[in-house]
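Biologist: I should like to go through this model with you one point at a time. Please close each reply with the value or name that I ask for.

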Amino acid sequence: MSERDYPTALGASSLKTITLLGQDLAGDVMGEVGFGELAFWLATQRRPSPGEVRVFEAVLAALADHGFTPTAIVTRLTYLSAPDSVQGALAAGLLGGGSRFLGVTEDCGRFLNDVIQEHGDPLPADDAGWDALALRTVWARREERKLIPGLGHHVHKDGDPRTPRLFEIAAEEGLYGPHLSLFAAIGRVHPQVLGRTLPLNGAGVCGAALADLGLPLELLRAFALLARTAGLIGQLAEELRNPVANDIFLSVDLNNRPIDPEPYGGSHG
C-alpha cells in the first residue's frame, strides 16, 4: 500500500459508478434500503437484520422531537437571526445535545455497559440475578452521591410512555439484551434505596437498546443527534408556517429589568 492510499469501505466514486458499503449506490441502495437501515449499516459496516432495523428506528422515532425543548428553541431563534443559514440553525440545535437533553442516551448506555463489564461473566440468568446486581449498583451510586443516568423525568413523573414500548419492541425482536435487562432491574429495585419511585426515561432506555444492538458506545449520542436532526427540520418547517421565535425573543427583550452590576467572584474575580 502506497503512502497515498486511503482505504474506506464507505462511499467511493469512479467515472461511471458510486459504491457504498460494497454496493452499487444507484442500483442496490437507492430505492432499496431505508434510511434507518442505511444509518445502522454505515455505523457498523454490517447489514442489520429486520429486527435490528425495527428497534433502531424505534429509537430514532423516540428521540426525534419533544416539543419546545432548548434544542428546538435555539434552532428557531437562530433561524430568526440568520434565515440565510439553515445549516447554522440546525447546528445550533444539535450543539445543545448534552448531559441534560439527548446526551442521556449515551450516558446511560455507557453507565450500563460499565456495570456489565465490571460484573463480568457469567451475567445474571434471571430477573432475580439482575435485581441483585441492580441493587448493588444503586447503593453504590448513592454512596458516591451520583445520579443514575436515565432515572427520572421532569415531565413524565408517573412513567415515560416511550420506555415500556421500547422494552416491548426489543423483546418481540429477540433483542432484549443485558443492557435493557439491567436498566429494567434498576427500575424495579431503586425505590428500596432511594425511598421513592422514579420513572425510567425514554432517553435512557434508548441508550440501553442501542448498546444491546452492539452499536459503538462512543457514537450513542450521535444517533440521538441523528434523530433530533429530523425533529429540528420539523421545527423549522413549522416556524416557516407558524413563527414563534420572534415572540420568544421579544418576550425577553421587552421585559428586561436593569439592575446594578454584581461583580462575580472575589477581589480578582
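Biologist: What is the relative accessibility of Arg47, and how does Arg47 count?
Modeller: This is a predicted model, in which local features need pLDDT of at least 70 and side-chain atom pairs count only at pLDDT 80 or more, while totals for chains, interfaces and linings use all residues. Residues are numbered from 1 along each chain as its sequence is written, and side-chain values use heavy atoms, leaving out hydrogens and water. Buried means under 20% relative accessible area, exposed over 50% and partly exposed in between, with a 1.4 Å probe and protein chains only. Arg47 has a relative accessibility of 46%, and therefore counts as partly exposed.

Biologist: Which residue meets the side chain of Arg47 in a salt bridge?
Modeller: A salt bridge is a side-chain nitrogen of Lys or Arg within 4 Å of a carboxyl oxygen of Asp or Glu, and the whole structure has 14 of them. Here the N to O distance is 2.6 Å. The pair links distant parts of the chain, 10 residues apart, with Arg47 in the loop between helix H2 (35-44) and helix H3 (50-63) and its partner in helix H2; helices are DSSP runs (H or I, at least four residues), numbered from the N terminus. The partner is buried at 14% relative accessible area, and its name is Glu37.

Biologist: How many residues apart in sequence are the parts tied together by Glu106 and Arg221?
Modeller: The side chains of Glu106 and Arg221 form a salt bridge of 3.2 Å, N to O. Glu106 lies in helix H6 (residues 103-119) and Arg221 in helix H11 (residues 220-241). Glu106 is buried at 12% relative accessibility, whereas Arg221 is partly exposed at 24%. The pair therefore ties together parts whose separation in sequence is 115 residues.

Biologist: How far apart are the closest N and O atoms of Arg188 and Asp131?
Modeller: Arg188 has a relative accessible area of 36% and is partly exposed; Asp131, at 21%, is also partly exposed. Their salt bridge has its closest N and O atoms at a distance of 2.8 Å.

Biologist: Which residues are joined into one network by salt bridges that share partners?
Modeller: The bridge between Arg188 in helix H9 (residues 178-194) and Asp131 in helix H7 (residues 127-143) links parts of the chain that are 57 residues apart. Salt bridges that share partners make one network of Glu106, Asp107, Arg110 and Arg221.

Biologist: What arc do the buried residues of helix H8 cover around the axis?
Modeller: In helix H8 (residues 162-172), the buried residues are Arg162, Thr163, Leu166, Phe167, Ile169 and Ala170. They lie on the same side of H8, because the arc that they cover around the axis is only 165°. The arc is taken from the directions from the helix axis to the C-beta atoms; its value for these residues is 165°.

Biologist: Which residue shares a polar contact of 2.7 Å with the side chain of Arg76?
Modeller: Arg76 is found in helix H4 (residues 70-81) and is buried, with a relative accessible area of 0%. Leaving aside residues up to four places away in sequence, Arg76 touches Phe68, Gln235, Glu238, Glu239, Asn242, Val244 and Ala245, where contact means heavy atoms within 4.5 Å. A polar contact is a pair of N or O atoms within 3.5 Å; within protein, one must be able to donate a hydrogen and the other to accept it, and residues adjacent in sequence count only if both atoms are side-chain atoms. The side-chain partner of Arg76 at 2.7 Å is Glu238.

Biologist: Why is the sulfur of Cys108 not bonded to that of Cys206, and how far apart are they?
Modeller: A disulfide is a pair of cysteine sulfur atoms within 2.5 Å, and the count by this rule is 0. Cys108 is buried at a relative accessible area of 0%, and Cys206 is also buried at 0%. The closest cysteine sulfur to that of Cys108 is in Cys206, but it is too far for a bond because the distance is 9.7 Å.

Biologist: How are the rings of Phe40 and Phe56 arranged as a pair?
Modeller: Rings of Phe, Tyr and Trp (its six-membered ring) pair if their centres lie within 6.5 Å; planes under 30 degrees apart count as stacked, over 60 as edge-to-face and the rest as tilted. The count by this rule is 3 aromatic pairs. With centres 5.5 Å apart and planes at 85°, the arrangement of Phe40 and Phe56 is therefore edge-to-face.

Biologist: Which residues form one aromatic cluster?
Modeller: Phe40 in helix H2 and Phe56 in helix H3 are 16 residues apart and link distant parts of the chain. Both Phe40 and Phe56 are buried. The cluster consists of Phe40, Phe56 and Phe223.

Definitions and conventions. Helices (H or I, at least four residues) and strands (E, at least two) are DSSP runs, numbered from the N terminus.
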